[in-house]
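This briefing covers the structure shown below. It is grouped by topic, from the sheets to single residues.

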Amino acid sequence: MKEISDLFVINPSINVSPYCYSIFRVEPYQTCGHKCVYCFGRWYRTASEDKNEPMLKTLRAFKKIIKILKKRQLRTIPFRLSTLVDPFQPVEEQYKASRHIMNLCLKYDVPLIINTKAILLTRDDYFTILKKLSDREIIIVQISLSVLDDKIAKILEPHAPLPHERIDMAEFLSREGIPVIIRLQPFIPGITDHELKSIIELSRHAGVKQIIVEALRDEYENIKFYGELAYNKQLYRRLETWHSYSPSVEVQSKILRPNVDWRINTFALAKEICDKYGLEFSTCKEGLYRFHTAKNCCGMHFINENRYMLRPTLWEAWNYYKKHNIIPKFEELTRNLADNYVFGNALKCYPRILRKKMMGHEKILRQILDERRKKLSALLPNIFKAA
């Protein structure tokens with residue numbers, strides 16, 4: 001049975017805890033009507049796709065949490081709306097749960113990261129709230145995109161708005177001063193890379209500030225499906241070129257992603273194109289920090305830095321490594337971090353519903369830096385492949 005904290009903090013794991021700042025989330029709906037083929041949320045959602053209703057328990061608890069944060073005068077890690085569903089999928093027009101969350105964040109000054117494929121944010125009743133959040137510098141909008149071709153998109157994302165509609169929304173929001181980021185997620189071999197230059201060029205013209213990339217991950221038996229759609233099928237001819245997603249197991253996982261050499265070469269090219277067009281660049285849960293030109297992988301630096309907190313990650317360890325040529329232990333890493341980082345005893349100030357898993361994430365990072373350093377070769381290929 002799920003704990004209430006599961007609804008607001010991503011579960012600690014070796015795939016997430018070393019990397020992610022945005023571990024807080026709020027999920028407005030039980031499932032997602034876009035029915036994207038590649039959706040990793042399907043592994044975690046429990047509701048039937050035929051019964052998609054607001055998470056009323058979540059909405060009530062979220063209000064209590066942010067009221068406590070306000071009362072204790074605590075800055076928080078930005079909440080992500082959302083991680084397992086699209087917050088602005090068609091049922092939002094009926095229930096307006098995501099709009100309610102936006103209004104709560106506006107009322108209590110809670111920084112918010114929106115991640116969507118939908119285009120509802122251009123509608124007046126949503127844009128008005130979004131603009132107010134932006135005026136307070138507590139919002140960024142991440143728009144997910146994997147492909148430009150409408151025919152391929154319709155197969156991969158059957159009920160989502162078409163790619164050009166998302167680019168149009170990016171342009172509209174950017175023009176109005178809303179910080180917009182394009183997430184190439186999932187970055188699908190043979191598809192996304194084939195259209196990469198066009199995607200980045202369109203993003204630049206749309207006023208996008210940053211590109212984030214995260215490689216496709218899916219079950220072994222599904223990989224061939226993407227190969228059938230791919231412009232370039234080379235990586236799909238031998239499944240041995242796909243590796244286990246998780247570095248925490250010694251045997252091959254059922255969840256695979258492209259091998260590290262492919263990811264390094266492809267994301268190096270993506271970074272090069274972003275440099276050409278003046279866009280900031282980052283990877284997500286890849287550890288390829290030598291390609292990062294963005295100050296923050298999620299784009300949180302487009303939020304007012306006085307409005308939110310960060311947690312230590314391997315990004316800070318990478319910056320320490322660049323300066324001292326050594327990967328630090330946890331205490332060394334945190335000794336001179338700025339005041340906008342929360343860790344150690346400071347975690348005890350946060351509501352228990354958040355604190356318990358915040359400590360779980362920190363524990364995994366501590367273990368990796370202090371005890372399980374052999375895992376760093378998989379978690380930080382930017383260092384070990386370069387060495």
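The model is predicted. It contains an open sheet of seven strands with parallel pairing and an open sheet of three strands with antiparallel pairing. The largest nonpolar core has 134 residues, and a search of the whole structure finds zero disulfides.

**The seven-stranded sheet**

- The strand order in this sheet is 1-2-3-4-5-6-10.
- Strand 1 (24-25) and strand 10 (280-283) stand at the edges; each has a single partner strand, so one side of each is left without a neighbour in the sheet.
- Strand 2 pairs with strand 3 (residues 112-116) in the parallel sense, over three bridges.
- L81 has I114, in strand 3, as its bridge partner.
- I114 is also among the residues with the most contacts inside the largest nonpolar core.

**Strand 6 and its neighbours**

- All six residues of strand 6 (residues 210-215) are buried, so the strand is largely enclosed by the rest of the structure.
- The burial applies to both faces: Q210, I212 and E214 lie on one side, and I211, V213 and A215 on the other.
- Strand 6 is joined to strand 5 by five bridges in the parallel sense, and to strand 10 by four bridges, also parallel.
- I212 is the bridge partner of R183, and I212 also stands opposite S282 in strand 10.
- A right-handed β-α-β unit is made by strand 5, helix 7 and strand 6.

**The three-stranded sheet**

- The strand order here is 7-9-8.
- Strand 7 (218-219) and strand 8 (242-244) are the edge strands; with a single partner strand each, they have one side left without a neighbour in the sheet.
- Strand 7 and strand 9 (residues 255-258) run antiparallel and are joined by two bridges.
- One bridge pair is D218 with L256, the latter in strand 9.

**Nonpolar core and buried contacts**

- Within the largest nonpolar core, the residues with the most contacts are F8, M102, I114, L121, L130, L314 and L354.
- Helix 9 (residues 260-277) supplies the largest share of this core, with eight residues.
- Leaving aside residues up to four places away in sequence, F8 touches I23, F24, R25, V26, T58, A61, F62, I65, F79, I353 and L354.
- L354, one of these contacts of F8, is itself listed among the core residues with the most contacts.
- E362, in helix 12 (residues 352-370), has a relative accessible area of 10%, and because the cut-off for burial is under 20%, E362 counts as buried.
- Beyond residues up to four places away in sequence, E362 touches R311, F330, F343, G344 and L347.

**Backbone geometry**

- The peptide bond from L81 to S82 is cis, with omega near -5 degrees.
- S82 falls in the loop between strand 2 (79-81) and helix 2 (92-95).
- A cis peptide bond also joins Q185 and P186, with omega about -5 degrees; P186 belongs to strand 5 (residues 180-187).
- K96 is not a glycine, yet it has a positive phi of about 60 degrees.
- K96 sits in the loop between helix 2 and helix 3 (97-108) and is partly exposed, at 27% relative accessible area.
- E137, likewise a residue other than glycine, has a positive phi near 60 degrees.
- The loop that holds E137 runs between helix 4 (124-135) and strand 4 (139-144), and E137 is partly exposed, with a relative accessible area of 41%.

**Cysteines and H194**

- Which cysteine sulfur is nearest to that of C297? It is the sulfur of C298, 4.3 Å away, and C297 is in no disulfide.
- The distance explains the result: a disulfide needs sulfur atoms within 2.5 Å, so C297 does not form one with C298.
- C297 is buried, at 15% relative accessibility, whereas C349 is partly exposed, with a relative accessible area of 42%.
- H194 lies in the loop between strand 5 and helix 7 (196-205).
- With a relative accessible area of 52%, H194 is exposed.
- H194 and C298 are 104 residues apart in sequence and, C-alpha to C-alpha, 24 Å apart in space.

Conventions. Residues are numbered from 1 along each chain as its sequence is written. This is a predicted model: local features need pLDDT of at least 70, side-chain atom pairs count only at pLDDT 80 or more; totals for chains, interfaces and linings use all residues. Side-chain values use heavy atoms; hydrogens and water are left out. Buried means under 20% relative accessible area, exposed over 50%, partly exposed in between (1.4 Å probe, protein chains only). Two strands pair if DSSP finds at least two bridges between them. Contact means heavy atoms within 4.5 Å. A nonpolar core is a set of buried Ala, Val, Leu, Ile, Met, Phe, Trp, Tyr and Cys residues joined through side-chain atoms within 4.5 Å. A crossover is right-handed if, with the strands pointing away from the viewer, the path from the first strand over the helix to the second runs clockwise.
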